[in-house]
Amino acid sequence: MVLSKTASESDVSIHSTFASRYVRTSLPRFKMPENSIPKEAAYQIINDELMLDGNPRLNLASFVTTWMEPECDKLIMAAINKNYVDMDEYPVTTELQNRCVNMIAHLFNAPLGDSETAVGVGTVGSSEAIMLAGLAFKRKWQNKRKAEGKPYDKPNIVTGANVQVCWEKFARYFEVELKEVKLRDGYYVMDPVKAVEMVDENTICVAAILGSTLNGEFEDVKLLNDLLLKKNEETGWDTSIHVDAASGGFIAPFLNPELEWDFRLPLVKSINVSGHKYGLVYAGIGWVIWRSKEDLPEELIFHINYLGADQPTFTLNFSKGSSQVIAQYYQLIRLGHEGYRNIMENCRENATVLKEALEKTGRFNIVSKDDGVPLVAFSLKDHSLHDEFEVSDYLRRFGWIVPAYTMPPDAQHVTVLRVVIREDFSRTLAERLVFDIEKVLHELDQLPSKLTTAAKVTAVVDEKKVRNGAVKKTALETQREITDAWMKFVQARKTNGVC
């Protein structure tokens with residue numbers, strides 16, 4: 001006798017996800033729901049919403065790695081449940097981290113003996129690495145000032161105005177004055193001469209950037225070192241250098257091995273690098289390396305034993321995944337010097353192809369340099385009709401994410417577009433991007449000037465105010481009216497969309 005039963009309304013396992021009630025009601029956005037939902041429905045609903053995100057491979061704003069080999073993906077997933085700080089429980093993972101530290105230290109020419117262990121640590125990125133390096137400089141400076149019986153309550157750090165925002169965070173969070181060297185038209189990195197002029201007895205270090213976020217340019221760390229050596233000799237100070245090599249640390253050793261920027265320079269005491277940028281690992285890994293043990297004050301290192309054996313720790317975070325550390329080790333031994341060199345050369349060549357193609361259009365000035373991070377920063381020659389922000393906005397219709405931004409003081413009048421060339425950005429994609437940029441420019445050329453339209457709308461608004469005796473609107477309200485009017489005008493002119 002065959003037994004059968006009628007599925008109850010609550011037996012949702014036999015229903016199609018899109019036939020269930022879970023797609024007919026909105027999910028809670030601010031409070032946890034009272035009832036559970038099937039795993040298939042939860043996955044499908046979240047996956048569908050994530051489709052509205054941009055494509056990471058077409059996100060040309062980011063330096064962060066967006067592709068790794070399938071074999072490395074397997075290692076990452078296998079270690080997804082390992083806590084990085086449980087050193088006693090996961091001793092091999094800890095050993096892999098130590099190997100990475102030593103490999104990177106040797107890559108940066110740290111003065112180590114054949115069997116000497118490097119001083120460094122893995123972090124969640126260069127932001128944490130910079131915080132740790134800055135704290136080491138601050139504590140070392142404070143200890144020296146205390147020993148000399150001098151005030152130690154007003155530390156400062158000298159950087160260029162082109163530094164990444166994490167430096168501003170460090171200064172604000174840890175109460176250090178940030179002294180910025182202003183930029184100038186045509187020179188968008190820190191001037192070493194001006195930087196050394198700003199150094200005083202309260203300066204804990206000078207931060208140099210190997211690969212500016214704005215245009216990829218390497219700052220002249222060698223000149224900075226030489227000038228600072230001379231000033232230290234004249235004043236009796238011992239101001240040192242930290243190199244923020246977040247972007248350039250995995251580029252310069254392979255493309256510019258003769259360039260002196262690292263521990264070959266005596267005043268360079270610490271270096272940070274982002275493993276998740278040109279270290280070719282997914283987001284979530286950075287490294288900070290110190291020249292020697294003397295450059296990392298012992299009182300900043302904590303020792304814990306509640307997870308097992310004694311474990312030294314110097315991080316701002318505690319628990320975190322082990323996957324990225326393992327992925328970094330995979331890349332270092334998988335690629336070696338040869339593999340990294342080939343990848344960086346490919347990136348540089350594709351950047352050159354893109355730069356030359358943009359120059360051929362006759363519409364852009366190239367702001368980036370040939371030597372530096374493989375990226376192309378460029379600006380419009382003619383701003384009388386449209387600006388870089390419009391180009392960036394229209395490129396999103398083709399799926400490209402290309403940022404437009406203004407330079408820091410005193411070059412804030414310069415606006416640029418920037419394309420970061422990563423490992424997975426092929427020659428074909430470069431050619432396609434140029435094709436789409438030309439299409440955007442052609443379409444913008446058919447539209448009225450935003451500036452002209454804005455002026456007309458402003459005149460109409462002002463006329464109405466005078467005629468009606470209305471109260472004058474704020475600048476923000478006026479700008480909104482101008483933008484709304486211009487967008488309506490543009491929408492009325494459009495006759496077809498982009499596939």
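This section describes a sheet, the nonpolar cores, the salt bridges and the cysteines of a predicted model.

Four strands make up an open sheet, arranged in the order β10-β11-β13-β12 with antiparallel pairing. Its edges are formed by β10 (364–366) and β12 (404–406), each of which pairs on one side only. From one strand to the next, the twist averages 40°. Strands of a sheet pair through backbone hydrogen bonds, in either a parallel or an antiparallel manner. Between β10 and β11 (residues 375–380), which run antiparallel, there are three bridges. Phenylalanine 364 has leucine 380, in β11, as its bridge partner. Helix α9 (residues 323–360) lies across three strands, β10, β11 and β13 (415–420), and runs at about 15° to β11.

Helix α9 also contributes to the interior. The largest nonpolar core comprises 116 residues, and α9, with 14 residues, gives the most to this core. Within the core, the residues with the most contacts are Val243, Phe250, Trp261, Trp290, Trp400 and Leu433. For leucine 433, when residues up to four places away in sequence are not counted, the residues touched are Leu60, Leu354, Trp400, Val402, Val419 and Phe425. A second core, separate from the largest one, has 14 residues, including Cys166, Trp167, Ile204 and Ala207.

The whole structure contains 17 salt bridges. Side chains of opposite charge can pair when their charged atoms come close. One of the salt bridges joins the side chains of arginine 99 and glutamate 95, at 3.1 Å from N to O. Both residues belong to helix α3 (residues 91–107), where arginine 99 and glutamate 95 are four residues apart, about one turn of the helix. Arginine 99 counts as partly exposed because its relative accessibility is 34%, and glutamate 95 is likewise classed as partly exposed, at 36%.

Another salt bridge, at 3.3 Å from N to O, is formed by the side chains of glutamate 201 and arginine 145. This pair links distant parts of the chain, 56 residues apart: glutamate 201 lies in the loop between α6 (192–198) and β4 (203–209), and arginine 145 in helix α4 (residues 126–147). Glutamate 201 has a relative accessibility of 39% and therefore counts as partly exposed. Arginine 145, in contrast, has a relative accessibility of 6% and counts as buried, the cut-off for buried being under 20%.

A salt bridge is also present between glutamate 148 and lysine 150, whose closest N and O atoms are 3.5 Å apart. Glutamate 148 is partly exposed at 38% relative accessibility, and lysine 150 is partly exposed with a relative accessible area of 37%. In addition, salt bridges link Arg57, Arg422 and Asp424 in a network.

A disulfide is a covalent bond between the sulfur atoms of two cysteines. The structure holds zero disulfides. Two of the cysteines were examined for accessibility: cysteine 205 has a relative accessible area of 0% and is therefore buried, and cysteine 347, with a relative accessible area of 2%, is also buried.

Terms used:
Residues numbered from 1 in each chain as written. Predicted model: local features only at pLDDT ≥ 70, side-chain atom pairs only at ≥ 80, totals over all residues. Heavy atoms only, no water. Pairing = 2+ DSSP bridges. Helix = DSSP H or I, 4+ residues; strand = E, 2+ residues; numbered from the N terminus. Axes fitted to C-alpha atoms, helices over the stretch in contact; angles between N-to-C directions. Contact = heavy atoms within 4.5 Å. Core = buried A, V, L, I, M, F, W, Y, C linked by side-chain atoms within 4.5 Å. Buried < 20%, exposed > 50% of the residue type's maximum accessible area, 1.4 Å probe, protein only. Salt bridge = Lys/Arg side-chain N within 4 Å of Asp/Glu carboxyl O. Disulfide = S-S within 2.5 Å.
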